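I sat down with this one today and kept short notes as I went. Here is the model I had open.

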Amino acid sequence: MVYKDWIDDFFDENWLEYGFAAREGEDVDHTLAFVEWALGGPCKVLDLACGVGRVAIPLAALGYEVLGVDFQPDYVEAARARAQKVNSGARFDVVDMREMSYVNEFDAVICLWTSFGYFDDDTNLDILERVLRALRPGGTFVLQVINRDWVIRHFQPYGWQWAGQGRILEERRFDLDESAAITDWTFVKPGGGQTTKETWNRLYSWHELKRMLEDAGFVEAVAWGAVDEPLTINHNAIWAVAKRP
Ligand SMILES: C[S@@+](CC[C@H](N)C(=O)[O-])C[C@H]1O[C@@H](n2cnc3c(N)ncnc32)[C@H](O)[C@@H]1O
């Protein structure tokens, strides 16, 4: 199956209610630890595709100046409400990464939890070029995406997870023509109702992602599996760190 637009349909109130809840707690702690390690201390950060501020808000609490952007206005609203509740300095805006036009504004851009690879190859590369322009010279890009090499070795056609009070069933296929994970997500609500939505995600092996980062103009692209741990095929996520020259 070739790429088809899916994000407008998928990122709706079901993801707002159940999707984000699946990755609170420990996952946020690990994410913050890596981001802190990669950035080396407070600076001005753009959290690209920030969702409901899962990471942006605790990062701001650590002293970073954070702007979170997401294309989904309801998620940005939820992030702002969450930030207000804890008196956070994190700010949030509605921005589609395909149209992002910041220039020389940030010391770092972070893009987490496989929020990249949602479009055709030309668009994905164009997004990396926009990230590069958003950074100040010498700025750092931290990108976390699922590791294709791990997925191929450990492919599981089904998976269940708890998400808040609900549960999520993933039914997965892998399209070798496009190197794309195609997944049907069924959100099972506590009361018993359910909804199924499909996602299409271009997955990358590190050698390919590295080349793309370089094609976009990044330098010093390095892949980690965890803090101070070079990436292997046994890591399920790639933590890419690259610099604007
Ligand atoms: C899997 S969630 C991850 C959210 C966040 N990075 C986190 O770690 O909690 C993917 C996010 O990407 C956002 N997104 C999808 N397409 C986007 C686009 N074109 N521009 C900006 N954000 C987008 C979705 O609305 C959603 O919040």
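These are my entries on a helix, a sheet and two hairpins, all from a predicted model.

**Entry 1: helix 3**

I began with helix 3, which covers residues 26-39. I checked its length: 14 residues reach 20 Å from the first C-alpha to the last, close to the 20 Å expected at 1.5 Å a residue. Just after the helix I found G40, with a positive phi near 75°.

Next I asked myself which residues of helix 3 are buried. They are T31, F34 and V35. Seen down the helix axis, the buried residues fall within an arc of 100°, so they line one face of helix 3. That fits what I remember of α-helices: with 3.6 residues a turn, residues three or four places apart point the same way. On the other side of helix 3 I noted E26, D29 and A33 as exposed.

What covers the buried residues? I listed helix 4 (56-61) among the covering elements, along with strand 4 (106-111), strand 5 (135-146), strand 10 (219-226) and strand 12 (237-243).

**Entry 2: the open sheet**

I then traced the sheet, which is open and has 8 strands in the order 3-2-1-4-5-12-10-11, with mixed pairing. Strand 3 (91-94) and strand 11 (229-230) stand at the edges; each has a single partner strand, so one side of each is left without a neighbour in the sheet. Helix 3 packs on this sheet, touching strand 4, strand 5, strand 10 and strand 12, and its direction makes about 150° with that of strand 5.

I looked up the partner of strand 3 too: strand 2 (residues 65-70) runs parallel to strand 3, and 4 bridges join them. One pairing to click on is L67 with its bridge partner R91 in strand 3.

Helix 6 (residues 121-134) went into my notes as well, lying across strand 1 (44-48), strand 4 and strand 5. Helix 6 runs at about 140° to strand 5.

**Entry 3: two hairpins**

Last, I followed strand 6 (residues 158-163) into strand 7 (residues 166-175), an antiparallel pair joined by 6 bridges. I marked Q161, whose bridge partner in strand 7 is I168. How many residues lie between the strands of this hairpin? There are 2, and G164 in the turn has a positive phi of about 60°.

Strand 7 also pairs with strand 8 (residues 180-188), in the antiparallel sense over 9 bridges. Here R172 has T183 of strand 8 as its bridge partner. This second hairpin has 4 residues between its strands, and S179 in the turn shows a positive phi of about 50°.

Notes:
Residues are numbered from 1 along each chain as its sequence is written. This is a predicted model: local features need pLDDT of at least 70, side-chain atom pairs count only at pLDDT 80 or more; totals for chains, interfaces and linings use all residues. The expected span of a helix is 1.5 Å times one less than its number of residues. A residue is buried if 20 or more other C-beta atoms lie within 10 Å of its own, exposed if 12 or fewer, and partly exposed in between; C-beta atoms are placed from the backbone. The arc is that of the directions from the helix axis to the C-beta atoms. Two residues are in contact if their C-beta atoms, placed from the backbone, lie within 7 Å. Two strands pair if DSSP finds at least two bridges between them. Axes are lines fitted to C-alpha atoms, for helices over the stretch in contact, and angles run from 0 to 180 degrees between N-to-C directions.
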